[in-house]
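Colleague: I am new to this structure. Please take me through one part of it closely, then place that part in the whole chain.

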Amino acid sequence: IIPFNRKGRFKNINRIRKSLNSDSVKPDEIILIEGVSPVSKARNIGAKQAAGNILVFCDDDAIIEDERLLEKVIITLLSDESIGLAGTAIGIPKNSTLFQRYYAKQYSRSSTEISSEISDRQMITPLFCAIRKSDFNKSGGFNEKLICGEDKYFCHSIRKLGKRVVIAPNTIVYHPLPKNFKELIRREIWYGSAKAHIADVPDYPTDKIVLKSKFMAILYLIAHTFVFPFRFFIGGLDGKSIGFWPLRAIGHYIHAISYAIAVLKK
């Protein structure tokens, strides 16, 4: 199931289809869901259309280079009834620019380590993942109220079923990063604005501050403005390292501004 809204990604979708159809385990069908937002709704529509009892979700910008990727993920999913959702590690594309590699060093969500064995995780992304259709239906699918953070909520729903969320061994799918500073800013504005919807979703699993009032939004913005200069020197992948982290500092501040403004507008 591949949702997409950007026609410019057709070339990559064709590459994905070619990779999957040449996999050692071939898909029974490939379902494209075009022009449906949010992506949660597109995935749910695809799940309803799917005839098989195993659903595989793939993002339209995923870069697949492993000819046995589908096989490995499916084998992992079916290896144990306790496994509810199986995904892959995330990597930085090999042709990434210097800017993208610099970005990856400052944002932990850019990549994850390949595991040599089945590895339990709190969360995996739908960049590439597999789930039994029965478990998908029991979980309620992706929350269509969320236009970001839907992956975290979905994993939470799977764990509530008493199932595990895991990374398949020796798997990786590459995911493009922002190409330049403009794309970074655009991404953080979108994520910050979209994050305002999280407060409206009951039982959303987060250990971060969720702004539920305009007063909280103002305090949040004041606090982030105060710490903004310090974030240039305290950051890194763990958010605590001493160094020079300009992209992370600016990105987090833009994110905070967008988040607070979106809450104030509600």
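Modeller: Start with strand S6, which is covered on both faces. One side carries Phe128, Ala130 and Arg132. The other side carries Cys129 and Ile131. Each of these residues is buried. Put as a count, five of the five residues of S6 are buried. Buried here means under 20% relative accessible area. So Arg132, a residue counted as positive, falls under that cut-off in S6. Keep in mind that this is a predicted model.

Now look to the sides of S6. The strand spans residues 128-132 and pairs with S3. That pairing is antiparallel and has five bridges. Two facing pairs help you find it by eye. Ile54 sits opposite Arg132 of S6. Leu55 sits opposite Ile131 of S6. Both Arg132 and Ile131 are among the buried residues, and they belong to opposite sides of the strand.

Strand S4, residues 83-91, is another partner of S6. S4 and S6 also run antiparallel, and three bridges join them. Here the pair to find is Ala86, which stands opposite Ala130 in S6. Ala130 shares its side of S6 with Phe128 and Arg132.

Step back to the sheet. Five strands form it, in the order S3-S6-S4-S7-S5. The sheet is open, and its pairing is mixed. Its edges are S3, residues 54-58, and S5, residues 119-120. Each edge strand pairs on one side only. In the strand order, S6 lies between S3 and S4.

Next, the chain around that sheet. The protein chain has nine helices and nine strands. Of its 266 residues, 48% are buried. Count the contacts with a separation of 6 or more: 76% of them join residues 24 or more positions apart. The overall form is that of a compact globule, because a globule of 266 residues would have a radius of gyration near 18 Å and this chain has 19 Å, which agrees. Along the principal axes, the C-alpha atoms fill a box of roughly 55 × 40 × 35 Å.

Finish at the surface. The chain exposes about 13800 Å². Carbon and sulfur atoms supply 57% of that area. As for charge, there are 40 positive and 26 negative charges in the chain. Their mean positions lie 7 Å apart.

Notes: Residues numbered from 1 in each chain as written. Predicted model: local features only at pLDDT ≥ 70, side-chain atom pairs only at ≥ 80, totals over all residues. Heavy atoms only, no water. Helix = DSSP H or I, 4+ residues; strand = E, 2+ residues; numbered from the N terminus. Rg over C-alpha atoms; globule rule 2.2 N^0.38 Å. Buried < 20%, exposed > 50% of the residue type's maximum accessible area, 1.4 Å probe, protein only. Contact = heavy atoms within 4.5 Å. Areas by Shrake-Rupley, 256 points an atom, 1.4 Å probe, with all protein chains shown as cover. Charge placed at Lys NZ, Arg CZ, Asp CG, Glu CD. Pairing = 2+ DSSP bridges.
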